[in-house]
Amino acid sequence: MKVAIIGGGPAGLYAAILLRKQRPEADITVYERNRADDTFGFGVVFSDATLDNFEKYDLPSYRRITQEFAYWDDIAVHFRGTVHQVGGNGFCGCSRRKLLLILQERARELGVTLRFETEIDDEARLADADLVVLADGINSRFRERYADHFQPEIDVRANMFAWMGSTRPLDAFTFIFQETEWGPFIAHAYQYEAGRSTWIFETDPETFARAGLEGLGERESADRMAEIFGWFLGGHPLLTNRSMWRNFPMVRSKRWVKDNTVLLGDAKASAHFSIGSGTKLAMEDAIALADALRDAPTVTVGLERYEQGRREEVEKTQHAADVSLVWFEHVDRFWDFDPVQFAFGVMTRSKAITYDNLNLRAPDFVAEVDRAFARYVHAKGFDVDVERPVAPMFQPFRLRDMTLANRAVVSPMCMYSAKEGVPVDFHLVHYGSRAIGGAGLIFTEMTCVSRDARITPGCAGLWNDEQEAAWHRIVDFVHANSAAKFALQLGHAGRKGATKLMWEGMDRPLEDGGWDVVSASSIPYFPDSRVPRELDRAAMDKIKSDFVAAAERGERCGFDMLELHCAHGYLLASFISPLTNKRDDAYGGSLENRLRFPLEVFEALRTAWPKHKPMSVRISATDWAEGGITGDDAVQVARAFAEASVDLVDVSTGQTVRDAQPIYGRMFQTPFSDQVRNEARVATMCVGNITSADQVNTILAAGRADLVALGRPHLVDPAFTLKAAAWYGAEGVFYPPQYQPGKEQIFRNSVRDRQEFEELRIKAKPKTRAELKAEATKPLAAE
Ligand SMILES: Cc1cc2nc3c(=O)[nH]c(=O)nc-3n(C[C@H](O)[C@H](O)[C@H](O)COP(=O)(O)OP(=O)(O)OC[C@H]3O[C@@H](n4cnc5c(N)ncnc54)[C@H](O)[C@@H]3O)c2cc1C
Ligand SMILES: Cc1cc2nc3c(=O)[nH]c(=O)nc-3n(C[C@H](O)[C@H](O)[C@H](O)COP(=O)(O)O)c2cc1C
């Protein structure tokens, strides 16, 4: 077998090593345009998990790599004169140059031919190869040459960055967030060998321009950085090596394989430097390629297997990198945060690290985060314990005169079980048990303002006395038996009306017994859905008065809060999204026009709803579709409602159009809540695939939302909050007297369960290489 590899970076060299080990008879050549010891960059980082992989796949290179490594366990965050150092992270750093020399040496030992100073421009000279590996880096010439086939997408990010080095020793992966007269600068720095550290400087384009970095040479810009970070460098110089400022390109390719040719490493997909995974991804690609080719009957089959097997892992890493880079791009959102909350946000930005997880590794840090949160709550007038505070989830929250005992919320969820809009016993038990279950706030399902406003025949309503009486009974039960507050969500289905019950076909049109539907524009949801009638002014007035009448009934029922449903493609949402609003009157066109009717309804409700009771609005902060609402629009939408005196924005996403492409994942909508809260400066509630109290605390402590709603988790576990209270020892949580013995037992057991869990986690955690190395070098006498 003849293998030609273009590019002698980590991907190309490691692929050569693994393929040659697997097929000692193979004729493998690596073509590299640079000289053997000619390399850009300073250090690279690997996690313990990545090193485990290297150990398994090639022990000799693993040994040499680990002999050369610097280890650290801590991450340090410097911000506004403070430093927070968090342990338990287990990372290793190595010089990129040494890494490449080790890989070259190992490849040579195995019989790989290395051809340096050989630039491949015409792949025709590789025509006799059975396999061609394109490991030619982030600007891959061959990926671009066959762009029609590989279909690369290159998202050039706005922030500017430059890679430099220093002799400054560091004992932690160090982030420095530095205010300057021009704006914020960020340094990402780590040591990779004795007396050498990598420094990546990052800033937004405006700050870059204001700081006069545009057009400066390598040395001058390093001098400028040395001035800014001089207080930390302590006289150590900044070193340069092709340290030009540039924008990071996020590379994704639809296809990685073309006949017998395959893209590897940065050439196929890049990952932002802030999660330190570029070299790791490149080398793990080589592992995946070797694995896929091992038993493949032909090269083509092997390459197909590589692409199929590897894509998900790469996309997951890229998603984590995306979330992380967006955090750094929007660091100004958090600039006025308490430094410890800021540091918590840095630590938890890409979702891998959470509140509980940090509590195990750095309990003092989390205790400080809790105290800062409690101080903030105390400053809002609550008499909470600031010295020994409860976890953020159990801190109270106030909206107008409504005080919530904790920040867990039961999200609005249609039960599709009402009879002619009247809630029945199912609803009493459903809402009653979730209120007793301890959430600070529970929402009704979307409650429809008229018969024709219903989504399905099973939807609840509030347009007649019978419905009012039934809701009144449920509200009374909740207030009499729990500490939960109860919010009424009012909505109108719009073009998604007259559809089947969820379990009979979500959003599918009713075959019999339907009714006429209306929307901002006459566009059906599915091609075979009912075609909605475009609302005229008279119909808009009628609907507005239906909302007001329902709110007045809601007040008589005793609800504590009112939410206007402007999300998920229902009537009011259909006005806001440009995908569903094609009107050419004062209610269509600009975002300001599209918001006009939803705001009119909101303002009418705000007038009708008692002043001391709060109101929220639910929005879809993105349509997840080309040409639809984006996070930036959502900030404008939130600002407009804030001007109309909304108290809370309930940040959901999507369900506007059926061909949307949401990116699901843990806490997938939280970034939108973060953006709305910290850019529009309104209180927010986030929701969406949040399944544990640990995640609730992570979100709250990082300042990404004020309240956290859970939908589906509450369907299976009404007592989600009570259980979490026991776990975190939040004694103050309300239990009805009937359930006191249960409370005593779970609180007693939880202390032990938690101790056992933590001991198990600590025991199960493999020793980091830093610990193993420390043990190995410990003098025997000290044993
Ligand atoms: C300026 C810079 C500095 C960096 N510094 C660091 C750092 O300090 N730490 C870190 O972790 N990561 C760093 N990175 C990122 C990291 O290098 C990559 O994520 C990783 O190296 C990807 O490995 P790769 O093998 O896919 O590509 P690369 O390492 O980019 O290797 C591609 C190789 O292909 C060669 N090549 C390209 N075209 C041809 C051709 N036509 N013919 C022959 N040879 C060709 C190139 O010379 C290069 O050696 C840096 C990136 C850049 C651009
Ligand atoms: C069965 C069900 C019914 C729902 N009904 C409503 C509703 O009436 N109003 C609303 O705004 N959202 C509704 N939603 C969306 C939820 O409020 C929530 O945003 C969504 O389920 C995501 O949160 P989760 O991942 O915690 O479930 C519903 C969700 C489910 C699962």
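Angles under 35 degrees count as roughly parallel, those over 145 as roughly antiparallel, 65 to 115 as roughly perpendicular, and the rest as oblique. With this in hand, a good place to enter this predicted model is a pair of helices, H12 (339-348) and H23 (693-701). Their axes come within 9 Å and cross at roughly 130°. H12 and H23 are therefore oblique to each other. On the H12 side, the contact is made by Gln-341, Phe-344 and Thr-348, which meet Thr-698, Leu-700 and Ala-701 of H23. By class, the residues of this contact divide into three nonpolar and three polar, with no charged ones.

The same two helices return when the empty spaces of the model are considered. Six cavities of 30 Å³ or more are found in a search of the whole structure, and the largest of them holds about 130 Å³ of space. Its lining takes at least two residues from each of H12, H22 (670-680) and H23. Of these helices, H12 deserves a second look, as the largest share of the lining, four residues, comes from it. In total 16 residues line the largest cavity, and Gly-345, Thr-348, Arg-349, Ala-702 and Arg-704 lie nearest its centre. Thr-348 thus appears both in this lining and in the contact of H12 with H23. The lining of the largest cavity comprises seven nonpolar, five polar and four charged residues.

The second largest cavity has a volume of about 70 Å³. Among the residues that line it are Cys-566, Ala-573, Ile-576, Ile-619, Ser-620 and Asp-623. Helix H19 (571-576) and strand E26 (615-620) each contribute at least two residues to this lining. Here the classes run to six nonpolar, three polar and one charged.

Elsewhere, six strands build an open sheet with mixed pairing, and its order reads E8-E2-E1-E9-E17-E16. Strand E8 (113-115) and strand E16 (257-258) stand at the edges with a single partner strand each, so one side of each has no neighbour in the sheet. Helix H11 (residues 299-329) packs on the sheet, where it touches strand E9 (131-134), E16 and strand E17 (261-263). The direction of H11 makes about 15° with that of E17. Within the sheet, strand E1 (residues 2-6) pairs with strand E2 (residues 27-31) in the parallel sense, over five bridges. One of the residues involved is Lys-2, whose bridge partner in E2 is Asp-27.

Notes
Residues are numbered from 1 along each chain as its sequence is written. Chains are lettered from A and ligands numbered from 1 in the order in which they are written. This is a predicted model: local features need pLDDT of at least 70, side-chain atom pairs count only at pLDDT 80 or more; totals for chains, interfaces and linings use all residues. Side-chain values use heavy atoms; hydrogens and water are left out. On a 1 Å grid over the protein atoms alone, a cavity is a set of points where a 1.4 Å probe fits but cannot get out, and a pocket is an open set with protein on both sides within 12 Å along at least five of seven lines; lining residues have an atom within 4 Å of a point. Grid points are joined across faces, edges and corners, and a volume is the space filled by probe spheres set on the points. Ala, Val, Leu, Ile, Met, Phe, Trp, Tyr, Cys and Pro count as nonpolar, Asp, Glu, Lys and Arg as charged, and the others, Gly among them, as polar. Two strands pair if DSSP finds at least two bridges between them. Contact means heavy atoms within 4.5 Å. Axes are lines fitted to C-alpha atoms, for helices over the stretch in contact, and angles run from 0 to 180 degrees between N-to-C directions.
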